[in-house]
Amino acid sequence: MKHLSPVSLKVNGDAYELSIPAWRTLLEVLREDLSLTGTKRSCQEGQCGACTVLLDGRAIYSCLFLAVEAQGKEILTIEGLARSAGALDPIQKAFVETGAVQCGFCTPGLVLAAKSFLDENPFPSEEEVRRATVGHLCRCTGYFQIIEAVLAAARERAGKGAQL
Ligand code: FES
Ligand code: FES
């Protein structure tokens with residue numbers, strides 16, 4: 001019989017009480033137990049960035065993070081981002097408008113990484129955006145549109161004068 005650990009998670013503002021094996025990753029719990037499949041599973045070894053979520057505002061690879069370690073922290077997935085913005089977040093809009101979404105597999109992770117980055121650095125240079133997106137693989141876009149999208153989102157957020 002599997003040993004189960006009780007864990008309380010707060011995801012996108014919702015509280016969940018779960019009993020899970022302590023070795024289960026946050027990625028597995030989000031996708032398989034909570035049906036939050038916007039968080040993507042790919043390499044599962046910290047190489048691609050597809051599984052990125054925010055933990056207390058910091059971008060992490062959820063495939064390398066045990067769900068039990070996320071207890072007591074605020075987890076934000078792509079599903080919660082639009083919800084908290086009341087519509088598409090400006091970063092999501094910028095990705096759509098600049099053509100940075102093609103197959104979309106890398107997009108949730110990149111959008112959340114961009115949010116964490118822009119919350120810390122609202123007026124980034126192009127070079128800073130390039131460095132911030134290292135660790136996220138995209139097989140479709142060639143990255144140019146992604147860099148453009150993050151810079152456009154920064155301009156939009158600065159124009160509104162708000163930390164979104
Ligand atoms: S699935 Fe987590 S980094 Fe690739
Ligand atoms: S849009 Fe397809 S992997 Fe990035």
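**Figure 1. Tyr143 sits in the loop between α5 (126-132) and α6 (144-160).** Welcome to this predicted model, which we visit one close-up at a time. The phi angle of Tyr143 is near 75°, a positive value in a residue other than glycine. Is Tyr143 buried, partly exposed or exposed? Tyr143 counts as partly exposed, because it has 17 C-beta neighbours inside 10 Å, and a residue would need 20 or more to be called buried.

**Figure 2. Helix α3 meets helix α6.** Just beyond the loop of Tyr143 comes α6 (144-160), and here we look at its contact with α3. A short reminder helps with this view and the next: two packed helices are described by the angle between their axes and the distance between the axes. The axes of α3 and α6 come within 8 Å and cross at roughly 135°. That angle is why α3 is described as oblique to α6. The crossing of these two helices is right-handed. On the α3 side, look for Pro90, Ile91, Ala94 and Phe95; on the α6 side, their partners are Ala149, Ala152, Ala153, Glu156 and Arg157. The residues of this contact divide into seven nonpolar, no polar and two charged.

**Figure 3. Helix α3 also packs with helix α4.** Here α3 (residues 90-97) and α4 (residues 107-120) pack at an angle of about 130°, and their axes lie 9 Å apart. With such an angle, α3 is therefore oblique to α4. The handedness of the pair is easy to note: α3 passes α4 in a right-handed crossing. Which residues of α3 meet α4? They are Ile91, Gln92 and Phe95, and they meet Thr107, Val111, Ala114 and Lys115 in α4. The contact of α3 with α4 is made up of four nonpolar residues, two polar ones and one charged one. If you have just come from the previous figure, you may recognise Ile91 and Phe95, which are also among the α3 residues that meet α6.

**Figure 4. Five strands build an open sheet.** Strands of a sheet pair through backbone hydrogen bonds, either parallel or antiparallel. In this model the strand order is β2-β1-β5-β3-β4, and the pairing is mixed. Which strands lie at the edges? They are β2 and β4 (58-61), each of which pairs on one side only. From one strand to the next, the twist averages 40°. Helix α4 packs on the sheet, where it touches β3 (52-55), β4 and β5 (74-76), and its direction makes about 35° with that of β3.

**Figure 5. Strands β1 and β2 run antiparallel.** Strand β1 covers residues 5-11, and seven bridges join it to β2. One partnership to look for is that of Ser5, whose bridge partner in β2 is Ile20. Strand β2 (14-20) has another role in this view, as it is included in what covers the buried residues of α1. Those buried residues of α1 (residues 26-33) are Leu26, Leu27, Val29 and Leu30. After α1 comes Ser35, with a positive phi near 60°.

**Figure 6. A hairpin joins β3 and β4.** The two strands pair in the antiparallel sense over four bridges. Here Leu55 stands opposite Arg58 in β4. Two residues lie between the strands of the hairpin. Asp56 is found in the loop between β3 and β4, and its phi is near 50°, a positive value in a residue other than glycine. Is Asp56 buried or exposed? Asp56 is exposed, because 12 other C-beta atoms lie within 10 Å and a count of 12 or fewer qualifies as exposed.

**Figure 7. Glu74 has its place in strand β5.** What does Glu74 contact, leaving aside its neighbours within four places in sequence? Its contacts are Lys10 and Asp56, and Asp56 is the hairpin-turn residue shown in the previous figure. Glu74 is partly exposed, as 15 other C-beta atoms lie within 10 Å. For a sense of scale, take Glu74 and Ile60, which are 14 residues apart along the chain: their C-alpha atoms are separated by 12 Å.

Definitions and conventions:
Residues are numbered from 1 along each chain as its sequence is written. Chains are lettered from A and ligands numbered from 1 in the order in which they are written. This is a predicted model: local features need pLDDT of at least 70, side-chain atom pairs count only at pLDDT 80 or more; totals for chains, interfaces and linings use all residues. Axes are lines fitted to C-alpha atoms, for helices over the stretch in contact, and angles run from 0 to 180 degrees between N-to-C directions. Angles under 35 degrees count as roughly parallel, over 145 as roughly antiparallel, 65 to 115 as roughly perpendicular and the rest as oblique. A crossing is left-handed if the near helix is turned anticlockwise from the far one by less than a right angle, and right-handed if clockwise. Two residues are in contact if their C-beta atoms, placed from the backbone, lie within 7 Å. Ala, Val, Leu, Ile, Met, Phe, Trp, Tyr, Cys and Pro count as nonpolar, Asp, Glu, Lys and Arg as charged, and the others, Gly among them, as polar. Two strands pair if DSSP finds at least two bridges between them.
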